[in-house]
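Please look over the model shown here. The report below covers one strand and its neighbours, then the cysteines.

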Amino acid sequence: MKLCASASLAILLIVFGAQAAETGGLRGTVRDESGKPVTGAAVKIRHAERGVTVTVFSRAGNYSAPELFPGKHEVFAAPGGHEESMQAEVQIAAGKTASLDLTLKPTTPVLTAADWIPQLPDDRDGTKQLVINRCVNCHGPAHFVARRFDRLGWKKVILDMGRIEETRKPGYRDIPDERAIAAKGEEIERLSGYLAKHFGPHQAPGVNLPKPVAHRSTPGETDVIITQFDIPTRSAVPHNLAVDPQGEIWFVERFADKLGHLDPKSALFREFPIPAGARPHGVLPDRNGFIWWSESRGNHLGRFDPRSGQMKRYALPRERSSPHTLFLGTDGLVWMTQIGGNRIASFDPRTESFREYPVPTKESRPYGIVVDSGNHVWFCEFTGDKIGRLDPATGVIREYSPPTRYSGPRRLALDRDENVWFTEYNTNKIARLDRNTGAIQEWTIPTPDSGPYDIVVDRRGKVWFDEFTANKIVRFDPLTAEFTEFPLPGLDSQVRKMALDQAGALWLTEYWNSRIVRVVERR
């Protein structure tokens with residue numbers, strides 16, 4: 001096994017924000033232009049200086065927003081799922097509640113990727129879903145349905161997108177014809193063939209705008225408060241996040257190559273640079289105070305000590321393993337999926353050694369991972385369309401296939417009984433695997449083409465997941481099979497990871513908007 005550790009990397013500590021301060025509040029009424037009270041209007045209250053935005057929803061024409069930082073705030077309002085219009089500025093004083101009445105003006109409904117997906121032709125050969133998984137995962141279909149290229153041109157675009165994390169800007173014109181012609185992999189052939197067939201030079205220019213219907217909330221009163229914290233590095237692009245034992249938030253900045261920390265009480269950020277080009281993906285606080293991260297491009301596992309500021313990196317045993325999501329085992333081992341290597345792996349911090357387990361299904365792209373109390377490792381096979389269970393004592397992996405084919409299991413979580421809940425990204429469902437029988441039950445999500453991505457289960461047994469392409473978060477009650485959908489305040493948030501803190505608040509990352517977000521239920 002190859003082991004590489006950098007010796008005590010020097011850390012540049014960047015601190016933003018201010019100390020915790022006494023807070024104030026804002027309340028008022030929300031009415032339409034005819035004077036009728038409005039339920040479910042999104043009221044967004046932004047402290048621009050701090051980069052903190054609180055969104056509440058009106059109930060029977062009234063709204064209230066507690067725990068606002070003192071200072072000047074901008075207030076926006078609109079029906080849920082619509083673009084906000086600026087309403088007013090208001091000064092919030094510590095220990096006091098200000099009042100501001102709002103009148104909603106007509107605004108435009110928000111278009112999401114979920115609205116565009118039905119416009120993608122389906123050749124019934126699986127290529128449409130491949131386009132969604134490879135293209136829509138990073139940007140909506142609106143970015144390519146209006147383009148017209150022949151097959152060679154689309155190959156250049158696909159090759160260019162494959163390097164966009166390095167170049168940071170489109171540059172398909174710089175790719176020589178010879179390189180595009182030489183690209184003969186199965187995936188690029190399928191993608192370029194599909195795109196040239198349906199969006200080639202022979203197709204009429206322009207595009208018909210779809211009807212914006214996906215980004216709507218469930219009818220009725222929306223009972224959450226959503227707080228967005230702007231990451232100081234605005235090009236951070238946070239991927240995964242996790243909550244440490246103190247209730248503080250750790251996250252990775254994929255494009256900025258940094259490890260980030262947020263103190264929710266003060267809105268104080270700290271950022272710690274890691275080696276350039278690492279492209280961090282997973283993050284994990286352990287019980288000893290260390291923070292671990294995975295480098296999907298750097299092919300390392302990293303460890304950070306916040307007390308000393310020291311970092312240490314460990315090279316994975318095999319090249320191009322692309323370590324992905326991390327999870328802490330009951331015995332202190334750091335478990336990970338290797339999406340490039342098609343393996344599950346553990347790292348023992350005591351011996352600083354890896355152990356790897358190949359996934360039986362080839363090219364399964366292992367994704368989300370959790371470990372149960374018996375130290376069994378559960379994981380999703382995103383392109384293998386299965387749920388895997390590894391017994392580390394024997395090294396045996398058992399695979400479970402959902403009832404719906406080509407389901408695309410993405411991430412998973414355990415409930416109180418340690419049943420496995422997971423998202424089926426491709427087929428717009430969530431599912432539960434009974435750990436005792438292996439039986440799988442599925443539920444179809446109300447919003448079509450919503451792209452369910454991450455999933456968690458709270459201490460009451462309620463299931464939360466995000467709709468990646470519909471830009472919403474959802475609460476699901478297994479007892480009633482009721483879905484409650486909430487539109488996220490940020491446009492095209494692309495939520496890739498969620499976590500629950502000790503108080504029951506839901507935390508998530510806004511990928512392209514470079515924010516950390518907290519969702520709290522109002523009771």
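What follows takes strand pairing and burial before cysteine chemistry.

This is a predicted model, where local features need pLDDT of at least 70, side-chain atom pairs count only at pLDDT 80 or more, and totals for chains, interfaces and linings use all residues. Residues are numbered from 1 along each chain as its sequence is written, and side-chain values use heavy atoms, with hydrogens and water left out.

**Strand 10**

Strands are DSSP runs of E, at least two residues, numbered from the N terminus. Strand 10 spans residues 224-230, and seven of its seven residues are buried. Buried means under 20% relative accessible area, exposed over 50%, partly exposed in between (1.4 Å probe, protein chains only). In a regular strand the side chains alternate between the two faces of the sheet. In strand 10 both faces are covered: V224, I226, Q228 and D230 lie on one side, I225, T227 and F229 on the other.

Two strands pair if DSSP finds at least two bridges between them. The partners of strand 10 are tabulated here.

| Partner | Bridges | Sense | Facing residues |
|---|---|---|---|
| Strand 4 (residues 52-57) | four bridges | antiparallel | T53 opposite Q228 |
| Strand 37 (residues 515-521) | seven bridges | antiparallel | I516 opposite F229 |

**Cysteines**

A disulfide is a pair of cysteine sulfur atoms within 2.5 Å. The count is zero disulfides. Why is C138 too far for a bond? Its closest cysteine sulfur, in C135, is 8.4 Å away. C380 is in no disulfide either; the nearest cysteine sulfur, that of C138, is 19 Å away. C138 is partly exposed, at 37% relative accessible area, whereas C380 is buried at 0%.
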